[in-house]
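Here are a few exercises to work through with the model open in your viewer. Try each task before you read its solution.

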Amino acid sequence: MKQLFSLLIGLTFTSLLPSQGFLKEANHKLNSIDNQAQIPAIPQFYSPSNFSEGLARIQIDEKWGYIDKTGKFAIPPQFEGATDFAQGLARVWVNQKWGYIDKTGKFAIPPQFDYAANFSEGLALVSIENQASYIDKTGKRLLQPKLTAFTNFSPQRADAANFYEGLARIKIADKSGYIDKTGNIVIQPQFDVAEAFSSGRAWVQIKGSGRGRYGYIDKTGKFVIRFDPQQLYGASKFSQGLAVVGSNSKLGYMDTTGSFVIKPQFDYAFNFSEGMAWIGVAQKSGYVDKTGKIVIKPQFTSATDFSEGLASVNIGNKWGYIDKTGKVLVSPQFDYAAKFSGSLALVSIGNKCGYIDKTGKMTLQLHSSLAPKISEAAWCRVQ
């Protein structure tokens, strides 16, 4: 169970203008309508994303672009790779380099980076020829600390990370610490494992021949919650003031002082979202509130976090949506059902894939010509 939980909480993190001929062909494809459904339909694309800041990524003929909620291309497919919008900009891959575009498709920052992260707190971590720096939304380098951590920069080694709550994790000689937005080291590199700050706390580990030191530190680097690994395990980041912590093969929730607010009693548990957390008892999923009260009893085969007031749940091997009282608002019928974002959710059902509103009505359907390709939910997953 410990290994499973550690795996689950670790799963976080993880393309200029085309020719006129291509645009003409793309527009022709967009104007195609599926006669079996009187709603907008788009042919020959796959691997769609959920909507993010009003736009969704889409791939057509091996090029990426973005559609709006009517199914029209807001940004025609032209990039070799693309990511969701974050803080008004999206990362795109062109000629083996990353750059950033705005929602008109115009480059705010030209492609030039070997690595580029999403913007967080107005800054983004980028690297050119193994030298990392932090840029603002104009592409200006605001921070390039003279640290050995930024020599031979490697995202895979996590030598540096984006800013969260004013601090960013960096690594020097395989030890992690934290810098502020001036580039000063505020917490000396000393940790073998270090995560981003949330709720003023960061999970860290210092390994040793004995038990080592495990727990949460504050922004001065002081341990404020110490763990005995023989008694507590699998701590997650804090979300809405609470973190998932395991004890005696059960999971519960701890506050920022280190006190259990909800005692360990669940077989699996996930972070809070919109005041509710998805938990599991005896292989059934339900939800608790921040007092530990089971608001929706465990009854689902699987479940997801709440988003925009709804959560997708699995009943009888099909996915539907419930509200925070547990009432089923969209009946279980989907083979795949993503969270709601911008009042729409990406779903697949049989050979159909598209976006539904909160009543369950499919407002934008992918074209049926792709039925053989989207017969599996994987073709409709959010990347």
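**Exercise 1.** Work out how many bridges join β14 to strand β15, and which way the two strands run.

*Solution.* Keep in mind that this is a predicted model.
- Start with the pair itself: β14 and β15 (residues 167-172) run antiparallel, and 3 bridges join them.
- For a concrete contact, pick Tyr-164, whose bridge partner in β15 is Leu-167.
- Now zoom out: the pair belongs to an open sheet of 4 strands, ordered β14-β15-β16-β17 with antiparallel pairing.
- Pairing on one side only marks the edge strands, β14 (160-164) and β17 (185-191).
- On average, neighbouring strands in this sheet are turned by 20° against each other, direction ignored.

**Exercise 2.** Take the open sheet with the order β18-β19-β20-β21 and find which strands stand at the edges.

*Solution.*
- The sheet has 4 strands with antiparallel pairing.
- β18 (193-194) and β21 (223-227) each have a single partner strand, so they stand at the edges, with one side of each lacking a neighbour in the sheet.
- Looking at β21, you'll find 4 bridges to strand β20 (residues 213-217), and the two run antiparallel.
- One residue pair to click on is Tyr-216 with its bridge partner in β21, Ile-225.

**Exercise 3.** Find where Glu-165 and Lys-219 lie, and explain why their salt bridge ties together parts that are apart in sequence.

*Solution.*
- First the geometry: the closest N and O atoms of Glu-165 and Lys-219 are 3.6 Å apart, inside the 4 Å cut-off for a salt bridge.
- Next the location: Glu-165 sits in the loop between β14 and β15, while Lys-219 sits in the loop between β20 and β21, so the contact ties together parts 54 residues apart in sequence.
- Last, accessibility: Glu-165 comes out at 31% and Lys-219 at 36%, so each falls between the 20% and 50% limits and counts as partly exposed.

**Exercise 4.** How many salt bridges does a search of the whole structure find? Then place Asp-114 and Lys-97 on the chain.

*Solution.*
- The search returns 10 salt bridges.
- Among them is Asp-114 with Lys-97, at 2.5 Å from N to O.
- Asp-114 is in the loop between β9 (107-113) and β10 (115-116), and Lys-97 is in strand β8 (residues 97-101), 17 residues apart.
- Asp-114 is partly exposed at 33% relative accessibility, and Lys-97 is partly exposed too, at 28%.

Methods. Residues are numbered from 1 along each chain as its sequence is written. This is a predicted model: local features need pLDDT of at least 70, side-chain atom pairs count only at pLDDT 80 or more; totals for chains, interfaces and linings use all residues. Side-chain values use heavy atoms; hydrogens and water are left out. Two strands pair if DSSP finds at least two bridges between them. Axes are lines fitted to C-alpha atoms, for helices over the stretch in contact, and angles run from 0 to 180 degrees between N-to-C directions. A salt bridge is a side-chain nitrogen of Lys or Arg within 4 Å of a carboxyl oxygen of Asp or Glu. Buried means under 20% relative accessible area, exposed over 50%, partly exposed in between (1.4 Å probe, protein chains only).
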